[in-house]
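Q: Please take a close look at one part of this model, the strand pairing, and walk me through it piece by piece. Then place it beside the rest of the chain.

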Amino acid sequence: MTKRSTLFIRIVEGKNLPIKDISGSSDPYCIVRIDNEAIIRTATIWKTLSPFWGEEYNVHLPPSFHTVSFHVLDEDSLSRDDVIGKVSVSKDSLTAKPQGLDGWVNLTEIDPDDEVQGEIHLHMSVLGDGDVPTRLRCQVLEARDLARKDRNGASDPFVRVQYNGKTHESTVVKKSCYPRWNESFEFELDDAAADSSLSVEVWDWDLVSRNDFLGKVLFNISGLQLAQQEEGWFRLGPDKPKHNHHEGALGALRLQLRLRDETVLPPSCYQPLTQLLRQSVLSHLNGNCPDLILLIDETTTAESRQEVATNLVNLFLGQGQVTEFLDVLFKLELDKTSEPNTLFRSNSLASKSMESFLKVAGMQYLHKLLGPVINRIYEEKRYVELDPNKVELREAGCTGLHRVHTEAEIIQQGVGHLQSYLSELLHAIQQSASYCPALLCHAFRQLYERVENRFPEPEYRKVKFIAVTSFLCLRFISPAIMSPKLFHLRDKHADARTSRTLLLLAKTVQSIANMDTLACCPKEPWIVPLQPAVQQGIAQLKDFISRLVSYTEAEDLGLQARMSLQCGSLEKEGFLFLHRTKDKCLPMTSPFKKFFVTLSRSTLSYSRTQNSKKSSFISLGKVKAVEKVEEKSFGSANVMQIIWSEESGQMETLYLDCKSMNELNHWLSTLRKACSRNADTLSCYHPGVYKADRWSCCHQKDRTDPGCDRTNGGVMLQEWYDPPDHELQAQFIFRHLLGVQPVMRDKYSELRKRREGEESAEGRGESDAVAELFTVLQELHAAHRAAEEEEHVRNKNFFLEVQM
């Protein structure tokens, strides 16, 4: 049994942000922090007070996390970025709303006294003569991960201990966020102050300005007297909350958050549920109605449909039955559809499942298909505008000494640019039939044939093509063209000019996908000059689809060889700056050198060039920790370290300097997932470096010191190329089915009444499988209760042992 916390984050947009630039606008971006650890930086949206990001993330978290916060800043190229405000959401708030949070939240002022982090190690004991307590001793041992308040990327912390009007202060530890004091303070206990508290505050000492608050912990004296002694790491908390004078004045963020805090059982526990789902799909292949999938379809609400679809797709992908599962949904959707013009246009379970399937199985295909034309549009930055109502002569460059172009000339020029991009894209689509993954080809062929059989009439001969384009173009290619960053095609959002070009290209592709040259003209008359290109594009797209769905089963092996499916792979590569310690002190100059780094299933290799035959390797099975490095160590906030053991047992460290926060967290997450099953990993590490005969973080002189901070392997970003987590997905499906079980029982009763006396023996077997599902859900529910009770007893016994 394991605890898994997964947080879905969608940063939608902002509004009414304050002006930070002399232009009367701002350049806002967001940084997402989990318990003060920055894990995500959104793209900057230039020159706006109402930015739209639309960025989505799934983050795997340790169950012990407390808060997720969103800091909004204004990017400045010449000075430090301006802080606008923040939104903080506690774990308790997320847990209280299982359906998730969705709405506008006001930004609040960032108060330095609230920006605390880290933990302090204390030992409190009550001393006395015999059974009479007379003194209170507080041993201040050490602290870790304190907030960085000074420009050197560290703090100068000291501790202030207060009780009953008396105060003691520790020594100041210079330039460290991981100080070690090992000092003791004693107070005389006062019976009259039995209800008072012991306050332990951590401060950053400053020579010139006032000291900065780093956090505090309060202890009830009566509780300490009862326990006699207490030792442990205690989380530092903020000072008393202050009234926010800027409530609503800093703007607001629209956020969508959903926390899934799950207890995941061993794989064998989910086998009966998985087997029932597989049997329902297999019964469909034998000509029976898949009652179980039908009931899931009918009882899944619009709010949960996307999540259910994604988990079912990944689960069947792991079982090798994803195309069969999609075929079941195609048939169910077609059975309910009488009007072919509305086919797959709603957000049904079939549509959401196919959409999820394309993102899981077709992302590498999409990158190869769209990458060149998207890069060209970004680099050329052409002015493309076809709508006469939106043409701006200044934007088109029609000022100064140049001849002023007419509106018609600008539109004609835009048509030429757009036709060039469209021609390149359509050619790429046609060529992609030779490398499209076999799994995608198989799914589209099933869809094509199902629609052809359902609507064989001559007047509906285009419907089978439109069914394919409704997914491939309208739900995959066109959205990726409009928002390349959201599909990982670019690192940043497009500027206004490039964004308009991308939008016009995406709309033209949608017109081609609809296969009706005249339908869009009344709504968007600007597309009329493109009609010849659209007509030609329809013919090209039909030819592509015909080739895509015409392969036979005998050709599957060849198709698989053309391009492997990239889901379930942790492979990653790119240029990074590296430094390896090898028991040497750091040089005075920059120790980093540029290498091409490749992460495979079992090794991390690096060489000076991409195609070099001489490479160095690190076995992933030998990795003991993958962690971030303090900014002050190398003067960069984007450095990580890989700690591993050589065959001799010697510990080595490789430092990797990334170009941005996002690149750092992507590499960090991928490496942590690749090493997640390693044995004998480190429980603590040094976030600094060994330099000048001591560790820069805690100032310890012993190079073999085990570490001053605990490892943080629990925070990981989910990537599109991650292997499916089958146990977690089965748990999500179980939790969903358990929630809709009452509705499913009612639907099942109605279904049985409709079929009473009509079912064959095979049909009764399938309906019996639905009844068996309810039994399986109850057994899984009981297993969860037993596992949670066992965990509760284990924690209780551990607490008693600590107290003893």
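A: What follows starts with one sheet, strand by strand, and then moves outward.

The model is predicted. The part to look at is an open sheet of four strands, in the order β11-β10-β13-β14. Its pairing is antiparallel. β11 (166-169) and β14 form the edges, and each of them pairs on one side only. From one strand to the next, the twist averages 20°.

Start with β13, residues 197-204. How much of β13 is buried? Seven of its eight residues are, so β13 is largely enclosed by the rest of the structure. The cut-off for buried is under 20% relative accessible area. For the protein chain as a whole, 51% of the 804 residues count as buried.

Now take the partners of β13. One is β10, residues 157-163. Six bridges join β10 to β13, and the two run antiparallel. To find this pairing in the view, look for Gln162, which stands opposite Ser199 in β13. Another partner is β14, residues 212-220. Here eight bridges make the link, again with antiparallel strands. Val200 marks the spot: its bridge partner in β14 is Val217.

Next, go from β10 to the edge strand β11. β10 and β11 pair in the antiparallel sense over four bridges. Val161 has His168 as its bridge partner in β11. What holds such neighbours together? Strands of a sheet pair through backbone hydrogen bonds, either parallel or antiparallel.

A second sheet can be read in the same way. This open sheet also has four strands, ordered β12-β9-β8-β15, with antiparallel pairing. Its edge strands are β12 (180-188) and β15 (229-235), each paired on one side only. Neighbouring strands of this sheet are turned by 20° against each other on average, with direction ignored. Inside the order sit β9 and β8. Eleven bridges join β8 (residues 119-129) to β9 (residues 132-144), and these strands run antiparallel. Leu122 stands opposite Val140 in β9.

Then turn to β1, residues 2-15. β1 pairs with β16 (residues 252-264) in the antiparallel sense over 13 bridges. Gly14 has Leu253 as its bridge partner in β16. β1 also pairs with β4, residues 52-61. Eight bridges join β1 to β4, and the two run antiparallel. Ile9 stands opposite Tyr57 in β4.

How does this fit the whole chain? The protein chain has 19 helices and 28 strands. Take its contacts between residues at least 6 apart in sequence: 70% of them join residues at least 24 apart.

Finally, a look at a helix pair. α8 (residues 363-380) and α9 (residues 407-431) pack at an angle of about 165°, and their axes are 8 Å apart. Angles over 145 degrees count as roughly antiparallel, and α8 and α9 are therefore roughly antiparallel to each other. Their crossing is right-handed. On the α8 side, the contact includes Leu369, Leu370, Pro372 and Val373. Arg376, Ile377 and Glu380 also belong to the α8 side. They meet Ser420, Tyr421, Glu424, Leu425, Ala428 and Ile429 in α9. By class, this contact of α8 with α9 has nine nonpolar, one polar and three charged residues.

Key: Residues are numbered from 1 along each chain as its sequence is written. This is a predicted model: local features need pLDDT of at least 70, side-chain atom pairs count only at pLDDT 80 or more; totals for chains, interfaces and linings use all residues. Side-chain values use heavy atoms; hydrogens and water are left out. Axes are lines fitted to C-alpha atoms, for helices over the stretch in contact, and angles run from 0 to 180 degrees between N-to-C directions. Angles under 35 degrees count as roughly parallel, over 145 as roughly antiparallel, 65 to 115 as roughly perpendicular and the rest as oblique. A crossing is left-handed if the near helix is turned anticlockwise from the far one by less than a right angle, and right-handed if clockwise. Contact means heavy atoms within 4.5 Å. Ala, Val, Leu, Ile, Met, Phe, Trp, Tyr, Cys and Pro count as nonpolar, Asp, Glu, Lys and Arg as charged, and the others, Gly among them, as polar. Two strands pair if DSSP finds at least two bridges between them. Buried means under 20% relative accessible area, exposed over 50%, partly exposed in between (1.4 Å probe, protein chains only).
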